[in-house]
Amino acid sequence: MANVSDIIESFILSSMGNADDINLSRNELADYFKCAPSQINYVLTTRFNLNRGYIIQSQRGGGGFIKLVKLKDFDNHYLYKVIEENLSREISYKDSLYLLEDLVSKAFLTSEQATLISYAITDKALSNPFKLEGSLRSNILKSFLINVKRGKDNE
């Protein structure tokens, strides 16, 4: 049986359809699903984040709507946001895989490149006595993405 987060995610995805963006009201969604607004926040931040190809823009006033934007094409702005918001700190292996999957879907990486980098950033490959896997993973991904971008710019 699906949990509330899965149901909320499915509802948002079906409401969005093929559109590039959607305006949502956190309070209205919470009322509809009979849950706390924090549950809506949780779904938005874990399932509709930049690693999965979404940007959330908060619009204050007038009921506090949230604009959810699906990024379709890879561009420099997206790469910058990925690096600044996700790779300037530790990143988990799971979030790294979501990020790689999104970069493949945007044709920035080939599936072969994503597979190779996924092998290089496993906890086992990064194991060390000081538990720095998240920081190392972030630095590896950042370096890889910047160098792939340089290669694309020189084509």
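**Exercise 1. Which side chain meets Arg47 in a salt bridge of 2.6 Å, N to O?**

Solution. The model is predicted.

Step 1. Find the partner. The side chain of Asp6 meets that of Arg47, with 2.6 Å from N to O.

Step 2. Place the two residues. Arg47 sits in helix H3 (residues 37-47), while Asp6 belongs to helix H1 (residues 4-16). They are 41 residues apart, so the pair links distant parts of the chain.

Step 3. Check the surroundings. Arg47 has a relative accessible area of 15%. The limit for buried is under 20%, so Arg47 is buried. Asp6 has 29% relative accessibility and counts as partly exposed.

**Exercise 2. Work out what Arg47 does with Glu9, and which residues share one salt-bridge network.**

Solution.

Step 1. Take the distance. The side chains of Arg47 and Glu9 form a salt bridge of 2.8 Å, N to O.

Step 2. Locate both ends. Glu9 lies in helix H1 and Arg47 in helix H3, so this pair ties together parts 38 residues apart in sequence.

Step 3. Compare burial. Arg47 and Glu9 are both buried.

Step 4. Join the pairs. Shared partners bring Asp6, Glu9 and Arg47 into one network of salt bridges.

**Exercise 3. Describe the salt bridge between Asp123 and Arg137, then give the salt-bridge count.**

Solution.

Step 1. Start with the atoms. The closest N and O atoms of Asp123 and Arg137 are 2.3 Å apart.

Step 2. Place them. Asp123 is in the loop between H6 and helix H7 (133-153). Arg137 is in helix H7. The pair therefore ties together parts that are 14 residues apart in sequence.

Step 3. Look at exposure. Asp123 is partly exposed, at a relative accessible area of 44%. Arg137 is buried, at 2%.

Step 4. Give the count. There are four salt bridges.

**Exercise 4. How are H5 and H6 arranged, and which residues make their contact?**

Solution.

Step 1. Read the geometry. Helix H5 (residues 93-105) and helix H6 (residues 111-120) pack at about 165 degrees. Their axes are 9 Å apart.

Step 2. Classify the angle. Angles over 145 degrees count as roughly antiparallel. H5 and H6 are therefore roughly antiparallel to each other.

Step 3. Add the handedness. The crossing of H5 and H6 is right-handed.

Step 4. Name the contact. H5 supplies Tyr93, Leu97, Leu100 and Val104. H6 supplies Ser111, Ala114, Ile117 and Ser118.

Step 5. Sort the residues of this contact. Six are nonpolar, two are polar and none is charged.

Step 6. Look at the link between the helices. Ala107 lies in the loop between H5 and H6. Its phi is positive, about 60 degrees, although Ala107 is not a glycine. Ala107 is exposed, with a relative accessible area of 57%.

**Exercise 5. Do the same for H2 and H3: find their orientation and their contact residues.**

Solution.

Step 1. Read the geometry. The axes of H2 and H3 come within 8 Å and cross at roughly 110 degrees.

Step 2. Classify the angle. The range for roughly perpendicular is 65 to 115 degrees. H2 and H3 are therefore roughly perpendicular to each other.

Step 3. Name the contact. Arg26, Asn27, Leu29 and Ala30 of H2 meet Pro37, Ile40 and Asn41 of H3.

Step 4. Sort the residues. The contact of H2 with H3 holds four nonpolar, two polar and one charged.

Step 5. Look at the link. Lys34 lies in the loop between helix H2 (26-33) and H3. Lys34 has a positive phi, near 50 degrees, and is a residue other than glycine. At 76% relative accessibility, Lys34 counts as exposed.

**Exercise 6. Place Lys67, and find how far it is from Ile22 in space.**

Solution.

Step 1. Lys67 belongs to strand E3 (residues 65-70).

Step 2. Lys67 is partly exposed, at 24% relative accessibility.

Step 3. Between Lys67 and Ile22 the C-alpha to C-alpha distance is 5.7 Å, although they are 45 residues apart in sequence.

**Exercise 7. Sum up the whole chain: its elements, their order and its buried share.**

Solution.

Step 1. The protein chain has seven helices and three strands.

Step 2. Along the sequence, the pattern is α-β-α-α-β-β-α-α-α-α.

Step 3. Of the 155 residues in the protein chain, 37% are buried.

Step 4. Consider contacts between residues at least 6 apart in sequence: 61% of them join residues at least 24 apart.

Technical notes: Residues are numbered from 1 along each chain as its sequence is written. This is a predicted model: local features need pLDDT of at least 70, side-chain atom pairs count only at pLDDT 80 or more; totals for chains, interfaces and linings use all residues. Side-chain values use heavy atoms; hydrogens and water are left out. Axes are lines fitted to C-alpha atoms, for helices over the stretch in contact, and angles run from 0 to 180 degrees between N-to-C directions. Helices (H or I, at least four residues) and strands (E, at least two) are DSSP runs, numbered from the N terminus. Angles under 35 degrees count as roughly parallel, over 145 as roughly antiparallel, 65 to 115 as roughly perpendicular and the rest as oblique. A crossing is left-handed if the near helix is turned anticlockwise from the far one by less than a right angle, and right-handed if clockwise. Contact means heavy atoms within 4.5 Å. Ala, Val, Leu, Ile, Met, Phe, Trp, Tyr, Cys and Pro count as nonpolar, Asp, Glu, Lys and Arg as charged, and the others, Gly among them, as polar. Buried means under 20% relative accessible area, exposed over 50%, partly exposed in between (1.4 Å probe, protein chains only).
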